[in-house]
Amino acid sequence: MYAQMVKSEGMKSPEEMSPEERAFQERVDRGEKIEPKEWMPEGYRKTLIRQMGQHAHSEIVGQLPEGNWITRAPTLERKAILLAKVQDEAGHGLYLYSAAETLGVSRDELMEKLHSGAMKYSSIFNYPTLTWADMGAVGWLVDGAAIMNQVPLQRTSYGPYSRAMIRICKEESFHQRQGYAIMMKMAQGTPEQKEMAQDALNRFWYPSLMMFGPSDKDSVHSAQSMAWKIKMNTNDELRQKFVDETVPQAKYLGLTVPDETLKWNEERGHYDFAEPDWDEFFEVIKGNGPCNEERLGARREAWDKGAWFRDGLTAYAEKAAARRAASNVAAE
Ligand code: BYC
């Protein structure tokens with residue numbers, strides 16, 4: 001119901017594959033990178049467009065919750081850092097749109113699908129950022145979860161996506177640290193500041209766990225995407241890794257993860273933790289989260305208000321092309 005385009009149920013066994021499909025799968029299994037003009041199964045191309053498009057949209061929509069605090073940052077230094085971070089997110093969106101365009105989809109098509117609601121962006125950006133401490137929680141938890149997911153994607157099978165991830169991950173780790181630095185300052189500040197930091201952790205913990213996607217049993221795309229190395233880990237594997245790394249960081253801050261069931265499991269060598277509310281997750285990705293309307297509204301408005309600029313660029317490019325054509329004719 002909430003999934004679109006490509007379903008893992010349709011996965012083919014090696015016997016069902018055409019010779020091209022088998023040869024393609026063997027290349028992926030050997031760890032070779034697939035490059036834009038090479039043959040690829042239609043499902044591989046569509047899955048990549050879906051995932052990379054959603055990823056690009058997440059970076060762009062993801063500027064909004066933090067953009068909300070640029071004018072209200074507590075110091076000039078914090079403002080400059082936040083501004084740079086939000087600009088980085090725009091850059092990530094642009095690399096990813098360019099990488100997706102190598103698969104034969106245009107940026108305009110991707111934008112149209114975002115604005116019409118046909119394509120998704122990460123659920124996390126449908127939650128509000130209510131206090132300055134949220135800038136800490138977003139950097140620490142949201143960028144932290146993003147890195148956990150994106151580091152393995154540096155080894156993804158599609159060349160342009162893999163190369164975009166290498167650059168993006170470098171910047172994301174700076175983002176995560178700046179978030180943690182804000183949390184540290186707040187947690188070591190006045191009792192009121194510490195309370196703000198705790199409140200931000202309370203509100204962002206479960207939405208951050210949701211970023212990794214539904215539990216493996218409900219993840220319709222994982223099996224096929226992992227066979228194609230479009231995805232390198234399951235949603236639950238990465239969620240567990242995130243919890244294991246983040247809980248000690250919360251302890252260091254002197255903050256409490258809002259999960260009474262959280263407990264180190266000696267036997268598993270991992271933390272046991274409570275799952276997020278999956279009904280809430282599916283509502284958010286259906287468009288019914290606290291800020292879905294506001295976020296999409298802001299993106300649609302920016303697109304409409306930027307029409308004059310795109311028209312100007314197109315007119316200029318057409319004139320330049322006409323001038324070049326005329327001077328070529330004159331030279332012949
Ligand atoms: N939000 O079969 P599944 C950032 C959808 S931004 C919304 O497990 P898949 C940052 C899923 O699309 C980082 N929808 O799917 C920026 C599918 O529906 P459709 C963003 C979600 O694709 C600014 C259905 O649920 N990172 O770093 O195998 C400031 C079934 O799921 C979500 C990426 O995009 C979700 N959280 O796995 C700060 C990473 N989860 O499409 C930070 C790249 C699932 O069939 N993406 N759905 O209608 C991925 O790794 C994978 O796409 C996912 C989901 C793990 C997210």
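# Asking why: helices, cores and rings

Guide: This is a predicted model. In α4, Arg78, Leu82, Lys85, Val86, Asp88, Glu89, His92, Gly93, Leu96, Tyr97, Ala99 and Ala100 are buried.

Visitor: What do the buried residues of α4 pack against?

Guide: They pack against α2, α3, α5, α6 and α7.

Visitor: How do you know that the span of α4 agrees with what 26 residues should give?

Guide: The expected span is 1.5 Å times one less than the number of residues. For the 26 residues of α4 that gives 38 Å, and its end C-alpha atoms are 38 Å apart, so the two agree.

Visitor: What about α7: what span is expected, and what does the helix reach?

Guide: α7 has 29 residues. From its first C-alpha to its last it reaches 42 Å, close to the 42 Å expected. There is also a kink of about 25 degrees in α7, centred on Ile168.

Visitor: Which residues touch the most other members of the largest nonpolar core?

Guide: Trp132, Trp140, Leu141, Trp205 and Phe242 do, in a core of 43 residues. Two or more residues each come from α4 (76–101), α6 (133–153), α7 (159–187), α8 (191–210) and α10 (235–253). α6 gives the most, with nine residues.

Visitor: What does Leu141 touch?

Guide: Leaving aside residues up to four places away in sequence, Leu141 touches Leu201, Phe204, Trp205, Ser208, Phe242 and Thr246. A second, separate core has 27 residues, including Leu153, Ala164, Met165 and Ile168.

Visitor: How many aromatic pairs does a search of the whole structure find?

Guide: It finds 11. One of them joins Phe24 and Trp39.

Visitor: Why is the pair of Phe24 and Trp39 called edge-to-face?

Guide: Ring centres must lie within 6.5 Å, and planes over 60 degrees apart count as edge-to-face. Phe24 and Trp39 are 6.2 Å apart centre to centre, with 80 degrees between the planes. Both tests are met, so the pair is edge-to-face.

Visitor: What makes this pair a tie between parts of the chain?

Guide: Phe24 lies in helix α1 (residues 19–29), and Trp39 in the loop between α1 and α2 (42–61), so the pair ties together parts 15 residues apart in sequence.

Visitor: Why is Phe24 called buried, and Trp39 partly exposed?

Guide: Buried means under 20% relative accessible area, and partly exposed runs from there to 50%. Phe24 has 3%, so it is buried. Trp39 has 43%, so it is partly exposed.

Visitor: How do you know that Trp69 and Trp132 form an edge-to-face pair?

Guide: Their centres are 6.4 Å apart, with 65 degrees between the planes. That is within 6.5 Å and over 60 degrees, so the name fits. Trp69 is in the loop between α3 (63–67) and α4, and Trp132 in the loop between α5 (107–116) and α6, 63 residues apart. Trp69 and Trp132 are buried.

Visitor: Where does the charged end of Arg72 sit?

Guide: Over the ring of Trp69, 4.1 Å from its centre. The charged end of Arg310 sits over the ring of Trp303, 3.5 Å from its centre.

Visitor: Why does Lys33 count as partly exposed?

Guide: The class lies between 20% and 50%, and Lys33 has 31% relative accessibility, so it fits. Lys33 is in the loop between α1 and α2. Its C-alpha atom is 9.1 Å from that of Pro160, 127 residues apart along the chain.

Key:
Residues numbered from 1 in each chain as written. Predicted model: local features only at pLDDT ≥ 70, side-chain atom pairs only at ≥ 80, totals over all residues. Heavy atoms only, no water. Core = buried A, V, L, I, M, F, W, Y, C linked by side-chain atoms within 4.5 Å. Buried < 20%, exposed > 50% of the residue type's maximum accessible area, 1.4 Å probe, protein only. Helix = DSSP H or I, 4+ residues; strand = E, 2+ residues; numbered from the N terminus. Contact = heavy atoms within 4.5 Å. Phe/Tyr/Trp six-rings, centres within 6.5 Å; stacked < 30°, edge-to-face > 60°. Lys NZ or Arg CZ within 6 Å of the ring centre and 35° of its normal. Bend = angle between axes of the 7 residues up to and from the residue.
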